[in-house]
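Visitor: I am new here and would like to know what the labels rest on. Please take me through them one at a time.

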Amino acid sequence: MLAAASVRAAAAVWLGLATVAAALGQQPIITFNSSAASALQIAGGSVARGQILVSGNDYWGVIRAAGDLAVDFGRVTGTNYSLSNGNSSARPAEYEYNPINNMNNTFYSTTGNASFAGPAYSDPSPADIVVIAGTIGHSAVIDELVSSKAMDVSAVEGKWESFVSQVVKNPVPGCAAALVIAGSDPRGTIYGIYDVSEQIGVSPWYFWADSPVRQAEDIFVLPTKKVQGPPSVKYRGIFINDEQPALSNWVSDHWADTPYGAGYGPAFYGLVFEVLLRLRANYLWPALWATMFEVDDPGNQPLADAFEIVLGTSHTEPMMRAQNEFGKFYSGAWAYNVNNGTIDDYFRYGVQRAKPYARNSLWTVGMRGTGDTAIEGLGVDHIVAMLETLVANQRRIVAEGLGADVGDVPQMWCLYKEVMSYLLAGLRVPDDVTLLWADDNWGNVRRLPLLDETARSGGAGVYYHFDYVGDPRDYKWINTIQLSKTAEQMHMAHARGADRIWIVNVGDMKALEIPISHFLDLAYDAGRWDVDSTGAWAAAWAAREFGSAHAAAIGTLVERYGMYAARRKFELVEQGTYSVVNYGEADAVLAQWDALVAGAQAVHDVLDAAAQPAFFETVLHPALAGRIVHKVYIGGAKNSLFAAQKRNAANDMISYVLDASAEDANLTSRWDSLLGGKWKHFMDQTHLGYDGYWQQPMRNSLPAMTYVQTAFASVAGHVGVGVEGSNATVQGDDKYHTNSGNNLAVPPLDPYGPATRYFDVFTRGTQDCAWTASPWAPWVKLSQYTGVVGPGAGSSDTRVFVSVDWAAAPKAPFADTVNINITTPCRGKDRYGFKAPMVQVPVTARTVPADFARGFVESDGHVAISGAHYQSIIPAATNSSANANVSYHTFARYGRTGSGVGLLPLSTEKLAVATAPALGYELYLFTNTTAANVTVFISPALNYLGDGTPLEYAVALYPKSSPANPTLVRPVGPTAGANMPSGWGSAVADAVWGRIGNYSTSSFAVSKPGPYTLRFWALMPGVVVQKIVVDLGGVRPSYLGPPESFLVGRDVVGGYKQGSFLDEVDTF
């Protein structure tokens, strides 16, 4: 694994070369600069129209990709190159197959012969040859170069998906020099071909995301030989899923229906296969719910083989058969215990149908219940026994059907949901079957290989999610993925040996281009893109798609978006998500979205017109869409607050939300009209109006809001006052404060807390009213002392900020409550029932001792700490080889607001308190209590080493001079069948353990004021601390928790505003 500094340095170099080579993170072989010594010119100059040479005996998929490269040169230079197999008048290469009879899908038969035609050949023109591509052992021209020792391929020969590319002089008669690409196997050759396409300026996403092609006249090949070895993960791919409404609607607009549904045929899948190969992927689970890949069109399965795509089927579709086939074509129950004869026949047909394409097949074994559900009606012991019998029969059917040793046939068993619990109940899986562990559908790996499982010949892999339909709520509208979280989880999987298969559920695929690219790049080269590489990767992706000039800015926009969208997925945002009264939270969240949109719009507006559609699709649209969702629900929350306070402004918030709804509709219309409607329907997915049920709403709708009648004034008067931290209003009565009370208190002020508090003066009447605020102490300062509120023009509700002039205030120790009178001449008959309002300001002047040189200081009854802001790392008490290299690492631009801290290496086995290093946080506390609750906000990890080795940490809070007495905490409970651990639903919705429940809260006694130490021991990787909050009785409800507390040695009194999480030093 590269060190973080190395990754950043490499990224800086790569960005500097972005005009030279445009392949994301790959070794450059292309330059546009003739000054490079010994560079071979392959476009421009004397090259009028280059030719690409392949051998007629190579794989059809290689020849097809070479044809793409010829067209890619045309996209870049304006002139398509020719393709030749060295023979004159050659007919296009053909991939021949026997189409199945898809009108009878229980008895295997074919309907004759068919073929796919490759790209057109031109007659040989040796002087024009600039690229030669071929597969070792399957290309006459490559084999001749190897046998003549003109090319050394020993570094890749016999290896998986590897290639060599280099300039070779006189490679064939009449050609002075050419770039030669030699692949170890067909995909190795294809990746070498597309490496050139990408480097000359054609993004893998040129079709699917409309990425602009960089134009160039002169293109050169660098003289350095490139050797690309095997990928980090053997099988790397995507699962198209949950394709209704968006993808199916789009497909139906572009292709005629098949006999069984929307037009998911070769024309569609050819586009999918191509982008997968350009992204250096090799594996596909086809669309599931409303389609049957092999049946919809008899050309689908052979086309995958022709393209050299490894075909699989999802966790719920065994033996190369689509989920819908059984219910549509077979009788009886999908229950092996009562219908095994029929089901075995069903499996045999799948093997017969796939046999011609077995070289590019990866077999799913096992079985779940009907419609992607658990098997019902049997106890676990019976299910385990049945599944062992079923898989043994499946393997026998495969061996007999293919005439092969089943140990040589790639197979996987996806341990999804309840299936994982069967393994824990004793299910035996054949050693040569890959254990495909699944995440929790929310990007948190549930289980990874244990030490005694890493030697299995079948290895292990991970089924991951960027899209999901199910509890606690669907998320399938647009991208809500945080790349740094993906990197942390998938690198942990790789470190523990889950490197045979990585496949990710991508829903409709469109709108997930960025996380798809990132996931597949991690899988292809985990060493190049290590756990710290997200920022470098995002900038490199931006440089490839949009050029180097704005790459750094775009990369940062991509990372910020991922953090904001992932802290709570759009479908889970509700009126009550972000507090509108505490910690400035809701306004801070909106401010982040506003800034993100402003930044994205600014970049969009300076890009070339050709680049703007791609930027809109991948960066600007998601930012605009995310902001709208937050405007809708935060606006709805403000309406609820204002309506309870009887403000006229409640109605303004209704208008605000209605405007946001119109903005949402207009944004969808803008998307639908983009590029002449190319992507119409991809935003058909509903996303507003979830009502607590997990399933998508059938139509976008707005949250419930309240209209305030404004024809008459409130019976409590025209002017109202509300304060920070409360829903109450005075003058008048409500359920939030004492009846007939006229006083409301803002949260306290002290030198180590927020610099200001606020109160609102607002209209709830029919006339404009002047108001005056008068503090009882001259050192209590207001941002505004007088004003006018009312329905008239220029009369608006006013937020008044309260601060203390600490230089003029009484010196410590001092504590008192300062009153502020709020008066108005607009008193009518309300004066008989209600006293004039008064705002109360609790003020405490205090200091910490001079010898407390560095640490966090309590204020407002709490201490809040960013996990990465520890004062020390305490070495383990006991050292051994197991913890020799273990230390804490800050995951930058990670989590809900800024960063996280956890253990590296990610392969570390579980430690004990004595063998784990600890983080030390110094605190100064003023409140003595028997129950100081320490909540550790950790990323929503799971028991990835099994429930017998649960996720665990230790924490202690103790006076500085006393010994630590750590409390062991296991935040994640056991998994029971298909059910997730207690609290999991809230944890994944909140994107942390700790916000709901006491899963990561421990209680300690604080017997007296003074310096304290908080010590934290992560006992395994995966425990990533985002925030720690010590609640001494003052924490108020919010989503993100209080802003980070004052840190002596870093912050200056009056310099750290502490008004919201935006004021924290590492807020991203």
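## Reasons behind the labels

Guide: Start at T824. Its side chain reaches the backbone oxygen of A770 at 2.6 Å. A second reach goes to the backbone nitrogen of C826, at 3.1 Å. Keep in mind that this is a predicted model.

Visitor: What makes the reach from T824 to A770 a polar contact?

Guide: The cut-off for a pair of N or O atoms is 3.5 Å. The T824 side chain and the A770 backbone oxygen are 2.6 Å apart. That is within the cut-off, so the pair counts as a polar contact.

Visitor: Where is T824 found?

Guide: T824 is in the loop between strand 27 (814-823) and strand 28 (838-845). Beyond its neighbours within four places in sequence, T824 is in contact with V719, C769, A770 and W771.

Visitor: Why is T824 called buried?

Guide: Buried means under 20% relative accessible area. T824 has 19%. The value falls under the limit, so T824 counts as buried.

Visitor: How do you know that D72 and R75 form a salt bridge?

Guide: The closest N and O atoms of D72 and R75 are 2.5 Å apart. The limit is 4 Å, from a side-chain nitrogen of Lys or Arg to a carboxyl oxygen of Asp or Glu. The distance is within that limit, so the name applies. In general, side chains of opposite charge can pair when their charged atoms come close.

Visitor: What separates D72 and R75 along helix 2?

Guide: About one helical turn, because they are three residues apart in helix 2 (residues 60-77).

Visitor: Why do D72 and R75 get their burial labels?

Guide: D72 has a relative accessible area of 0%, so it is buried. R75 has 27%. Partly exposed runs between the 20% and 50% limits, so R75 is partly exposed.

Visitor: What makes K678 and D210 a salt bridge?

Guide: Their closest N and O atoms are 2.5 Å apart. That is within 4 Å, so the pair qualifies. K678 lies in the loop between helix 19 (649-673) and strand 20 (719-723). D210 lies in the loop between helix 4 (186-200) and strand 10 (219-221). The pair therefore ties together parts that are 468 residues apart in sequence. K678 is partly exposed at 21%, while D210 is buried at 11%.

Visitor: How do you know that R757 and D860 form a salt bridge?

Guide: Their closest N and O atoms are 3.3 Å apart. The limit is 4 Å, so this pair counts too. R757 lies in strand 22 (residues 757-763). D860 is in the loop between strand 29 (855-857) and strand 30 (862-866). The parts they tie together are 103 residues apart in sequence. Both R757 and D860 are buried.

Visitor: How many salt bridges does the structure hold?

Guide: It holds 49. A network of salt bridges links D587, K638, R647, D760, D797 and R799.

Visitor: Why is V863 called buried?

Guide: V863 has 0% relative accessibility. The limit is under 20%, so V863 is buried. V863 lies in strand 30. Leaving aside neighbours within four places in sequence, its contacts include F856, L923 and I1028.

Visitor: Which residues of helix 5 are buried?

Guide: In helix 5 (residues 246-254), they are A246, L247, S248, W250 and V251. The buried residues of helix 5 pack against strand 12 (235-240) and helix 6 (266-278).

Note on methods. Residues are numbered from 1 along each chain as its sequence is written. This is a predicted model: local features need pLDDT of at least 70, side-chain atom pairs count only at pLDDT 80 or more; totals for chains, interfaces and linings use all residues. Side-chain values use heavy atoms; hydrogens and water are left out. Helices (H or I, at least four residues) and strands (E, at least two) are DSSP runs, numbered from the N terminus. Buried means under 20% relative accessible area, exposed over 50%, partly exposed in between (1.4 Å probe, protein chains only). A polar contact is a pair of N or O atoms within 3.5 Å; within protein, one must be able to donate a hydrogen and the other to accept it, and residues adjacent in sequence count only if both atoms are side-chain atoms. Contact means heavy atoms within 4.5 Å.
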